[in-house]
2 protein chains.
Amino acid sequence: MKTKINVEFIDEILKGYLPKGNDKVLQAMEYSLFTGGKRFRPLLLLQTCKAVGNSVNGGAKELAAAIEFVHTYSLIHDDLPCMDNDDFRRGKRACHMQFGEATAVLAGDALLNLAVETALSGPLSSKKYQAACIFLFGKSGIGGLIHGQSLDLFTETTTVEQANDVALHKTGDLLRAALVCGAICGGANDSEITVFDDIAQKLGICYQIIDDIIDSKKCEKSFLDMFSERDLIEYAEKLSNEIKASCDSLQYDLQFIKDFCDQNLSRTK
Amino acid sequence: MKTKINVEFIDEILKGYLPKGNDKVLQAMEYSLFTGGKRFRPLLLLQTCKAVGNSVNGGAKELAAAIEFVHTYSLIHDDLPCMDNDDFRRGKRACHMQFGEATAVLAGDALLNLAVETALSGPLSSKKYQAACIFLFGKSGIGGLIHGQSLDLFTETTTVEQANDVALHKTGDLLRAALVCGAICGGANDSEITVFDDIAQKLGICYQIIDDIIDSKKCEKSFLDMFSERDLIEYAEKLSNEIKASCDSLQYDLQFIKDFCDQNLSRTK
């Protein structure tokens, strides 16, 4: 049976790892997980795994679920009044608006913890899988995503290097985890993994640039503070072309990454 | 060299796993980690490991650090205004009072993530260590500690079974993780692990009962709502005697657990 990797496939995986019960925190976790997310990270992870290894295995499903749990927890905590104070997320009431702040804090905590539990349910004796787990949680913590949030909230950003640094961590690090974990689970060699990592970092910057253009309020440290919209789109196009060239340098069918680039660029149109 | 398992030894381990840097969130993590905690959970974990296996290894140090990171993150989030709204912790300003709420949310998240990173740095290819990691994070999540916090915040507790249930999860589950992970790393067999798990559950209830007596404001669902102080102390003494009998049923020197029981009971005096 050929696996079709799409949002429905991801949602089935997520449902399989979400515990059942009447706990109010559990209800909040489920609510925030299923609010129409685009599932970019787990999709990229599974597609990369399949492109490299011709099938979805090696623990890719566990890590695809884990990465979406991490992403969802970070959105719940980001939306809290003391953080970005957003009442809505994807057109629906944010977790704390629907369930209260205390529940939202705990639901975020529980989703990060569930990401770990899910990762630990994978093929832990495989050295490759161990490396993928270490990469994922290295990129979600104080050396990755959380460092990016910290930079975004607390540091003055006045140069393009600093804006790149925020984007690389806040947006890029989970994309790096998606592509690198997918490549590892699929069986890519070290030099291929380096190329995937490079692609993912550029994808992160491209994605953040277009996000900044669409909604300059979203990101406190916006690329738009430093460059014109026209210059930024040109830069994102240049990076997208580099990404596509890197894709062509690998022996795999990476059309889905090229499509991701084009879809990203087309968001401003 | 004989390892002396004490607070200083634990603090050295914790320092070894805490990243260095200028990140404000990292400063908040360090602040909350080193505010004079008693380190009960890592101490119990390492002492159990040493009692069973005659040395501290098998990943016990990694898990001792991880369990304290989990405990500290849960305190930071517990103290937030939307949760218990405590301005002080162990006589010092709570994390959000010192660094602001946003930083406290991120510091808690980063400590839970650091717990995972630390656990993943252990001997992951060992089946025993894998089982210990799975037990720890099973007990810290929505099936353990967080479920206990949810029960504490959101459900009506009117029976002793319900009060026990809150205590078992909110206080007991990390103690279970401490003793069971220590026993696993030390090389205990399955039936011994079951005895350690039973001891830890009783310790959790004893500890919560005495906490409730000392500070009835600390726990929203207090045993004192249902029983007199005298009855509760009698119950805690009965459980402590059962714990000591269980310790004697095992072939190891578990004086440290008996001491823990006595120190706990003496807190009301």
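In helix α11 of chain B, the residues B:L232, B:A236, B:L239, B:S240, B:I243 and B:C247 are buried, a residue being called buried if 20 or more other C-beta atoms, placed from the backbone, lie within 10 Å of its own, exposed if 12 or fewer do, and partly exposed in between. These buried residues cover an arc of only 105° around the axis and therefore lie on the same side of α11(B), the arc being that of the directions from the helix axis to the C-beta atoms. On the other side of α11(B), the exposed residues include B:R230, B:D231, B:E234 and B:K238. Among the elements that cover the buried residues are α10 (190-214) and α12 (255-266) of chain B; helices (H or I, at least four residues) and strands (E, at least two) are DSSP runs, numbered from the N terminus.

This is a predicted model, in which local features need pLDDT of at least 70 and side-chain atom pairs count only at pLDDT 80 or more, while totals for chains, interfaces and linings use all residues. Residues are numbered from 1 along each chain as its sequence is written, and chains are lettered from A and ligands numbered from 1 in the order in which they are written.

The contact between the chains takes 38 residues from chain A and 38 residues from chain B, two residues being in contact if their C-beta atoms, placed from the backbone, lie within 7 Å. On the side of chain A that touches chain B, the elements that give two or more residues are α2 (24-33), α6 (101-120), α7 (127-140) and α8 (145-154) of chain A, and the largest share, 12 residues, comes from α6(A).

The largest nonpolar core has 184 residues, of which A:L63, A:L136, A:C181, B:L63, B:L136 and B:C181 touch the most other members; such a core is a set of buried Ala, Val, Leu, Ile, Met, Phe, Trp, Tyr and Cys residues joined through C-beta atoms within 7 Å. Not counting residues up to four places away in sequence, B:L136 touches B:L63, B:A66, B:I67, B:A119, B:A177 and B:C181.

Two loop residues of chain B, neither of them glycine, have a positive phi.

| Residue | Phi | Loop in chain B | C-beta neighbours inside 10 Å |
|---|---|---|---|
| B:R39 | near 60° | between α2 (24-33) and α3 (40-53) | 23, buried |
| B:N85 | near 55° | between α4 (60-79) and β1 (88-89) | 12, exposed |
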